[in-house]
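User: Please take a close look at a single part of this model and explain it slowly, in connected prose, for someone in the first year of study. I would like to understand how that part is built and what surrounds it.

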Amino acid sequence: MKTLILVVTLLLSTGSSAWLTNFEQAKTEATTAHKLILLNFSGSDWCGPCIKLKKEILDSDAFLQYATDKLVLVRADFPRAAKNQLDARQTAHNESLAERYNPEGKFPFTVLLSAEGKVLKTWTGYPASLTLQTLRDDLDAARLATH
């Protein structure tokens, strides 16, 4: 019982639950709630900058709180370790997203999209200049430009 409580607590305390993996669901939610979509391409078990970006910014409490009213978050993960492999349907879904939005296979690669899937802005890698504040500023500017 203690183990079950610990697992549930850990799952609830991680920011990852805010991130969807289904792009069509994200588009529907974005349309309904009048939000933009932030799509992050990540290699969760092999890409150092991906892991650092996720930990330091994208899964931070401050970013997740900021995103709550403004963004629908989608992560397209491409793990390499056998123990972390996604099911075939999710892998195909992520590959389809990569063909459309990340054809060069950059990691990490983050894309801001309209609810209809139109690219509004992209970020390549995790440069030293990217902070929570600069990301928020970029997102706010892009949101203003669409209204």
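Analyst: What follows is a close look at the sheet and at the elements packed around it.

This is a predicted model, in which local features need pLDDT of at least 70 and side-chain atom pairs count only at pLDDT 80 or more, while totals for chains, interfaces and linings use all residues. Residues are numbered from 1 along each chain as its sequence is written, and side-chain values use heavy atoms, with hydrogens and water left out.

To place the sheet, begin with the whole chain, which has six helices and five strands. Both kinds of element are DSSP runs numbered from the N terminus, a helix being H or I over at least four residues and a strand being E over at least two. In sequence order they give the pattern α-β-α-β-α-α-β-α-β-β-α. Of the chain's 147 residues, 39% count as buried, where buried means under 20% relative accessible area, exposed means over 50%, and partly exposed lies in between, with a 1.4 Å probe and protein chains only. If we take contacts, meaning heavy atoms within 4.5 Å, between residues at least 6 apart in sequence, 67% of them join residues at least 24 apart.

Now to the sheet itself. The five strands form an open sheet in the order 1-3-2-4-5, with mixed pairing, and two strands count as paired if DSSP finds at least two bridges between them. Strand 1 (19–20) and strand 5 stand at the edges with a single partner strand each, so one side of each has no neighbour in the sheet.

At one of these edges, strand 4 (residues 109–113) and strand 5 (residues 119–124) run antiparallel and are joined by five bridges. Within this pair, Thr110 stands opposite Trp123, and Leu112 stands opposite Lys121. The two strands make a hairpin with five residues between them, and Gly117 in its turn has a positive phi of about 95 degrees.

Several helices meet these strands. Helix 2 (residues 23–33) lies across strand 1, strand 2 (36–42), strand 3 (71–77) and strand 4, and runs at about 170 degrees to strand 3. Helix 4 (residues 61–68) lies across strand 1, strand 2 and strand 3, at about 125 degrees to strand 3. For such angles, axes are lines fitted to C-alpha atoms, for helices over the stretch in contact, and the angles run from 0 to 180 degrees between N-to-C directions.

Which residues of helix 4 are buried? They are Phe63, Leu64, Tyr66 and Ala67. These cover an arc of only 160 degrees around the axis, which puts them on the same side of helix 4; the arc is that of the directions from the helix axis to the C-beta atoms. On the other side of helix 4, Asp61 and Gln65 are exposed. The cover over the buried residues of helix 4 includes strand 1, strand 2, helix 3, strand 3 and helix 6.

Helix 3 (residues 48–58) can be read in a similar way, since its buried residues are Cys50, Leu53, Ile57 and Leu58. Seen down the axis of helix 3, they fall within an arc of 75 degrees, so they line one face of the helix. They pack against strand 1, strand 2, helix 4, strand 3, strand 4 and helix 6 (132–146).

Cys50 also takes part in a disulfide with Cys47, the two sulfur atoms lying 2.3 Å apart, where a disulfide is a pair of cysteine sulfur atoms within 2.5 Å. The torsion about their S-S bond is about 75 degrees, so this disulfide is right-handed. Cys47 is buried at 4% relative accessible area, and Cys50 is buried at 3%.

Two further residues help to connect the picture. Asn102 sits in the loop between helix 5 (88–101) and strand 4, and is buried at 4% relative accessible area; apart from residues up to four places away in sequence, Asn102 touches Phe41, Leu97 and Phe109. Arg143, in helix 6, counts as partly exposed at 22% relative accessibility. Setting aside neighbours within four places in sequence, Arg143 is in contact with Leu36 and Lys70.
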